[in-house]
Amino acid sequence: MATLGEIEAAIEVFEREGMRRTDLTVLHCNTEYPVPYRDVNLNAMLTIGAAFKVDIGYSDHTAGIEIPVAAVALGAT
C-alpha cells in the first residue's frame with residue numbers, strides 16, 4: 001500500500017546503505033485476500049519496473065495459477 005514516492009524513498013534507503021538497484025526486486029501486491037481478478041492490476045507491477053529500473057515481482061493472493069503465470073509472462077522475477 002505504498003505510493004510511487006514511498007517506493008522511491010525506500011529504494012533510496014537501500015542505495016544509501018550500499019545496495020545496488022540491480023540487486024533489488026520490488027513486488028506488487030494487493031492487500032485483498034483472495035484478490036478478485038478485476039482488482040489484480042498487473043500494470044502497477046510494470047509501472048514500478050519502468051519508473052525505478054528495478055526487477056519486478058508479484059506477490060499473489062488470487063485463487064488459481066492464471067495471474068502468477070501472467071505476471072511471469074510480463075516480466076515478474
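A residue counts as exposed when its relative accessible area is over 50%. In this predicted model, Lys53 has a relative accessible area of 64%, so it falls in the exposed class. Its backbone is a bit out of the ordinary run of things to look at, too: phi of Lys53 sits near 50 degrees, a positive value in a residue other than glycine. As for where to look, Lys53 is in the loop that links α2 to β2 (55-59).

Asn41 makes a natural companion to Lys53. Here phi is near 55 degrees, again positive and again in a residue that isn't glycine. Asn41 belongs to the loop between β1 and α2. With a relative accessibility of 45%, Asn41 counts as partly exposed, because that class takes in values between 20% and 50%. The loop from β1 (25-29) to α2 (42-52) also holds Pro34. The peptide bond leading from Tyr33 into Pro34 is cis, and its omega is near -10 degrees.

Turning to the interior, nonpolar side chains tend to be buried together in soluble globular proteins. The largest nonpolar core here has 16 residues, and the members touching the most other members are Ile11, Ile48, Val54 and Tyr58. At least two residues of this core come from each of α1, α2, β2 and α3 (66-73). The top contributor is α2, which puts in 4 residues. Tyr58 is worth following outward from there. Leaving aside residues up to four places away in sequence, Tyr58 touches Leu27, His28, Val40, Leu42, Met45, Ile67, Ala71 and Ala76.

Then there is the empty space. Rolling a probe the size of a water molecule over the atoms shows where such space is left. The largest pocket comes out at a volume of about 210 Å³. Its lining draws two or more residues from each of α1 (4-16), β1 and α2. The biggest share belongs to β1, with 3 residues. The full list of lining residues runs Met1, Ala2, Thr3, Leu4, Ile7, Leu27, His28, Cys29, Asn30, Thr31, Ala44 and Ile48. Sorted by class, that lining is made of 8 nonpolar and 4 polar residues, with no charged ones.

Some residues turn up in both parts of this picture. Ile48 lines the largest pocket and is also one of the core members that touch the most others. Leu27 and His28 are in the pocket lining, and Tyr58 touches both of them.

Note on methods. Residues numbered from 1 in each chain as written. Predicted model: local features only at pLDDT ≥ 70, side-chain atom pairs only at ≥ 80, totals over all residues. Heavy atoms only, no water. Buried < 20%, exposed > 50% of the residue type's maximum accessible area, 1.4 Å probe, protein only. 1 Å grid on protein atoms, 1.4 Å probe; cavity = no way out; pocket = protein on both sides within 12 Å on 5 of 7 lines; lining within 4 Å. Points joined across faces, edges and corners; volume = space filled by probe spheres on them. Nonpolar A, V, L, I, M, F, W, Y, C, P; charged D, E, K, R; others polar. Core = buried A, V, L, I, M, F, W, Y, C linked by side-chain atoms within 4.5 Å. Contact = heavy atoms within 4.5 Å.
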